[in-house]
Amino acid sequence: KKYLGKDYRKGVTHCDEHITHVPLIRAKFRAEHLAIEHMLCHLIAAGKGKAVLEEMKVQFGLARDAHRNVLFENMDEVPHFPEQSQL
């Protein structure tokens, strides 16, 4: 309770942002990512890993492109930052 807030047992989205210093959107992303990894482990164990991974690569690529497009369309000028070559 001291480090997460009084409602921490309800899940990551109930942790107190002011105590954890982790924005809710970031905490939610982490929780969703962990849930996806658990599901993927079960699919790999069931022998479906290769097909699922191929489809996930396609879907992640589409999502990445959509997110990148939203950012670029809303910026007058893209500032310089070290990871820019990763875009």
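These legends go with close-up views of salt bridges in a predicted model.

**View 1. Glutamate 32 pairs up with lysine 28.** The two side chains meet in a salt bridge, with N to O at 3.7 Å. That makes the cut, because a salt bridge here needs the nitrogen within 4 Å of a carboxyl oxygen. Both residues sit in helix H2 (residues 24-45), and being 4 residues apart puts about one helical turn between glutamate 32 and lysine 28. As for exposure, glutamate 32 comes out partly exposed at 40% relative accessibility, and lysine 28 is partly exposed too, at 36%.

**View 2. Glutamate 54 meets lysine 57 in helix H3.** Here the N to O distance of the salt bridge is 3.1 Å. The partners lie 3 residues apart in the helix, which spans residues 49-73, so about one turn separates glutamate 54 from lysine 57. Glutamate 54 is partly exposed, with 42% relative accessibility. Lysine 57 has a relative accessible area of 53%, and it counts as exposed because the cut-off for that label is over 50%.

**View 3. Arginine 64 bridges to aspartate 65.** Their closest N and O atoms are 3.2 Å apart, and the contact counts as a salt bridge. Arginine 64 is partly exposed at 47% relative accessibility; aspartate 65 is also partly exposed, at 27%.

**View 4. Arg68 joins the picture.** Zoom out from the previous pair and you get a salt-bridge network linking Arg64, Asp65 and Arg68. For the whole model, the tally is 4 salt bridges.

Methods. Residues are numbered from 1 along each chain as its sequence is written. This is a predicted model: local features need pLDDT of at least 70, side-chain atom pairs count only at pLDDT 80 or more; totals for chains, interfaces and linings use all residues. Side-chain values use heavy atoms; hydrogens and water are left out. Helices (H or I, at least four residues) and strands (E, at least two) are DSSP runs, numbered from the N terminus. Buried means under 20% relative accessible area, exposed over 50%, partly exposed in between (1.4 Å probe, protein chains only).
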